[in-house]
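Subject: Structure for you to look at

Hi,

Here is the structure I promised to pass on. Have a look at it first, and then read on for what turned up.

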Amino acid sequence: MVKANGKAGNGPVPAEPILSVRNLRAYYQMQYFGIDREVRAVDDITLQVNRNEIYGVAGESSCGKTSLIKTIAAANRPPLNVIGGSVKYSFLDRDIFRMSEEELSRVRWKHLSYIMQGSMNVLNPVRRIRKSFIDFAFRHINKPEREFFDIVARHLERLRLSPSVLKAYPHELSGGMRQRVTIALATICRPEFIIADEPTTALDVVVQKDVLAMIREVQQEMGSSILFVTHDMTVHANMADRLGIMYAGRLVEEAPTREIFANPLHPYTAHLIQSLPRIGDLSPKKALPGAPPNLSDPPAGCRFHPRCPLAMDICRRENPALTALRPGHRVACFAASSEVRPVSEIRETVPPKVAEARS
Ligand SMILES: Nc1ncnc2c1ncn2[C@@H]1O[C@H](COP(=O)(O)OP(=O)(O)OP(=O)(O)O)[C@@H](O)[C@H]1O
């Protein structure tokens, strides 16, 4: 089930994929008063995460980030169902959707772990932290209890946490300490792959900086890969090696983080970057007209077209494929592709709704 050569060694780390997601579709499928309803939260996503890499997933609220990572971890539950596609980890011998729950429980935390949005989602409020380490890691580390807690204490110290936290209940710790404990739990087994879902969103900026530095440090020390999800582009700028931008259930752009910030090709990405505050920049920030689409009835063609200042007729009819326009830089946008029409020409065809909102 788990490949023998799964763990990252100490030698040079080759740039090979540890996670390959192909054409993944996962929809919320529900029935209201006998009528079927589908929310297409993850719609045809293809991406790869390399060894020793932090891959960031960005996008505004409700674009499908959490649904994507739940599915990638095979932690999706009805009504979120996998409709198609595959998710393969290099340390597993087959697609994650072909594994039984029992096989998955042997893989979780040891090879594939999760840092969640709120620490209280992981830590049981009525159990001391010590018990959580037993619940999550004892069977994976497979040592006598005393030796196990020596390993835990050393790991906590490495993460600048006193081993005395083991005696505490979650409510006795500050939010920052609790989040550090969840990171300690997610990394104690030295997993190859970590999924982090908005791990610092609930923390104030000073604690956030500290927790982010800790995630980076532990990732580098272990040679793990991280799929890091947040809507906060400034966090991505500091953390991610590569960045995937989601809009309405689809990946619309992907490139090395530096390249995305310097040269965004998709108009939605350009908007996300332009709206970031910059020291000395007093110009008013403009919101995008309109709202993200309802994913149970998304618009035809490119899902961004009703809000896009560059939209053309083809965008209303056809879904642009995610295409490499530069090495390592993929974008799903007809306007960004110079083969369709030059950008100067495209700018003249502003859709009426957007033109109204601008005036
Ligand atoms: N349990 C559910 N049942 C039905 N639809 C859901 C459910 N959970 C989420 N959705 C819908 O799926 C879509 C994607 O939601 P998701 O939570 O994955 O987005 P997100 O980008 O993670 O948002 P946020 O940043 O606010 O957490 C949204 O349209 C949302 O309303």
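Let's start with strand S3. Ile 54, Gly 56 and Ala 58 point one way from S3, while Tyr 55 and Val 57 point the other way, and all are buried. That makes five of the five residues of S3 buried, so the strand is largely enclosed by the rest of the structure. Before you read too much into any detail, keep in mind that this is a predicted model.

What does S3 pair with? On one hand there is strand S7 (residues 225–229), which runs parallel to S3 and is joined to it by four bridges. In that pairing Val 57 stands opposite Val 229. S3 also pairs with S8, again in the parallel sense and over four bridges. Here Tyr 55 has Arg 242 of S8 as its bridge partner.

Now the wider sheet. It is an open sheet of eight strands with mixed pairing, and the order is S5-S6-S7-S3-S8-S9-S11-S10. Strand S5 (112–115) and strand S10 (323–326) are at the edges with a single partner strand each, so one side of each has no neighbour in the sheet. On average, neighbouring strands of this sheet are turned by 25° against each other, direction ignored.

Moving along from S3, strand S8 (residues 242–247) is joined to strand S9 (residues 250–256) by six bridges, and these two run antiparallel. One pair to look for is Leu 243 with its bridge partner in S9, Ala 255. Helix H9 (residues 267–274) packs on the sheet, where it touches strand S3 (54–58), S8 and S9, and its direction makes about 110° with that of S8. The buried residues in H9 are Pro 267, Tyr 268, Thr 269 and Leu 272. Their cover includes S3, S8 and S9, along with helix H7 (233–239) and helix H8 (257–262).

At the S10 edge, S10 pairs with strand S11 (residues 329–331) in the antiparallel sense over three bridges. Thr 323 has Val 331 of S11 as its bridge partner. The two strands form a hairpin with two residues between them, and Gly 328 in the turn has a positive phi of about 75°.

Leu 322 is worth a click while you are there. You will find this residue in the loop between helix H10 (313–317) and S10. Is Leu 322 buried, exposed or partly exposed? There are 19 other C-beta atoms within 10 Å of Leu 322, and buried takes 20 or more, so the residue counts as partly exposed. Leaving out residues up to four places away in sequence, Leu 322 touches Thr 46, Leu 251, Arg 330, Val 331 and Ala 332. Phe 334 is twelve residues from Leu 322 in sequence, and their C-alpha atoms are 9.9 Å apart in space.

Next, a helix: H3. Helix H3 (residues 129–141) has 13 residues, which at 1.5 Å a residue should span 18 Å; the end C-alpha atoms are 17 Å apart, which agrees. Even so, H3 has a kink of about 45° centred on Asp 135. Its buried residues are Ile 129, Phe 133, Phe 136 and Ala 137. An α-helix has 3.6 residues a turn, so residues three or four places apart point the same way. Helix H4 (145–158) and helix H5 (175–187) are among what covers the buried residues of H3. Just after H3 comes Asn 142, with a positive phi near 55°.

There is a ligand too. Which residues come nearest to the ligand? Of the 14 around it, those are Tyr 28, Ser 61, Lys 65, Thr 66 and Ser 67. Strand S2 (35–50) and helix H1 (65–72) each supply at least two residues of the shell around the ligand. H1 gives the most, with three residues.

Finally, the overall numbers. The protein chain has twelve helices and eleven strands. Of its 359 residues, 39% count as buried. Among contacts in the chain with a separation of 6 or more, 67% are between residues 24 or more positions apart.

Shout if you can't open the file.

Cheers

Terms used. Residues numbered from 1 in each chain as written. Predicted model: local features only at pLDDT ≥ 70, side-chain atom pairs only at ≥ 80, totals over all residues. Expected span 1.5 Å × (residues − 1). Bend = angle between axes of the 7 residues up to and from the residue. Buried ≥ 20, exposed ≤ 12 C-beta atoms within 10 Å, placed from the backbone. Contact = placed C-beta atoms within 7 Å. Pairing = 2+ DSSP bridges. Axes fitted to C-alpha atoms, helices over the stretch in contact; angles between N-to-C directions. Near = placed C-beta within 6 Å.
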